[in-house]
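Please find below my notes on the model you asked me to look over. They are set out as numbered points, to be read with the structure at hand.

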Amino acid sequence: MKRRNVYKWVNRFKEARESVDDDARVGRPSTSRHDENIQHVHDLVKADRRIITRMIAEKLKISNGNVQTILKEDFNMRMLCVKIVPKVLTDK
């Protein structure tokens, strides 16, 4: 973190700011992480566990990073030897 940003945050808390949440930002919100795309990613992974994130991204026309984020945060999955598996492995 740059030193200038640290001073900015310190000054904001000195002015009696209590929240650590970011302020609202202007601009277009992210549109690729919505329920429809999350469901499509889930369906594609269930149909073929060996599918790669780049193929999912091309099919859904979203970025590879968004596909990885959906798999990691929404489904708690990660890549393991070219298969997408849940992080907590069970006997199944």
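The points that follow go from the overall fold to the salt bridges, the core, one helix and the cavity.

1. The model is a predicted one, and its secondary structure comes to 4 helices and 2 strands. Read from the N terminus, the elements are arranged α-α-α-α-β-β, so named in the order in which DSSP runs are numbered. Of the 92 residues in the chain, 20% count as buried.

2. The count of salt bridges comes to 2. In one of them, the side chains of R33 and E73 meet with an N to O distance of 3.2 Å. The partners belong to distant parts of the chain, since R33 sits in the loop between α1 (3-14) and α2 (35-47), whereas E73 is in helix α4 (residues 64-74), 40 residues apart.

3. The salt bridge between D74 and R33 has its closest N and O atoms 3.0 Å apart. Because D74 lies in helix α4 and R33 in the loop between α1 and α2, this pair ties together parts of the chain that are 41 residues apart in sequence. R33, E73 and D74 are thereby linked in a network of salt bridges.

4. How exposed or buried are the members of this network, R33, E73 and D74? R33 has a relative accessible area of 32% and is therefore partly exposed, and D74, at 34%, likewise counts as partly exposed. E73 is classed as exposed because its relative accessible area is 55%, and the cut-off for that class is over 50%.

5. Turning to the interior, the largest nonpolar core has 12 residues, namely I38, V41, V45, I51, I56, A57, L60, I62, V67, I70, L71 and M77. Helices α2, α3 (53-60) and α4 each supply at least two residues of this core.

6. Helix α4 deserves a separate remark, and one may ask on which side of α4 its buried residues lie. The buried residues of α4 are V67, I70 and L71, and because they cover an arc of only 90° around the axis, they fall on the same side of the helix. An α-helix has 3.6 residues a turn, so residues three or four places apart point the same way. On the face of α4 turned away from its buried side are the exposed residues K72 and E73, and E73 is also a partner of R33 in a salt bridge. After α4 comes N76, whose phi is positive, near 55°.

7. A search of the whole structure finds 1 cavity of 30 Å³ or more, and the volume of the largest cavity is about 30 Å³. Which residues line the largest cavity? Its lining is made up of H42, V45, K46, R49, L71, F75 and M77, and α2 gives the most to this lining, with 3 residues. By character, the lining residues divide into 4 nonpolar, 1 polar and 2 charged. V45, L71 and M77, which are among the lining residues, are also listed among the residues of the largest nonpolar core.

Conventions. Residues are numbered from 1 along each chain as its sequence is written. This is a predicted model: local features need pLDDT of at least 70, side-chain atom pairs count only at pLDDT 80 or more; totals for chains, interfaces and linings use all residues. Side-chain values use heavy atoms; hydrogens and water are left out. A salt bridge is a side-chain nitrogen of Lys or Arg within 4 Å of a carboxyl oxygen of Asp or Glu. Buried means under 20% relative accessible area, exposed over 50%, partly exposed in between (1.4 Å probe, protein chains only). A nonpolar core is a set of buried Ala, Val, Leu, Ile, Met, Phe, Trp, Tyr and Cys residues joined through side-chain atoms within 4.5 Å. On a 1 Å grid over the protein atoms alone, a cavity is a set of points where a 1.4 Å probe fits but cannot get out, and a pocket is an open set with protein on both sides within 12 Å along at least five of seven lines; lining residues have an atom within 4 Å of a point. Grid points are joined across faces, edges and corners, and a volume is the space filled by probe spheres set on the points. Ala, Val, Leu, Ile, Met, Phe, Trp, Tyr, Cys and Pro count as nonpolar, Asp, Glu, Lys and Arg as charged, and the others, Gly among them, as polar. The arc is that of the directions from the helix axis to the C-beta atoms.
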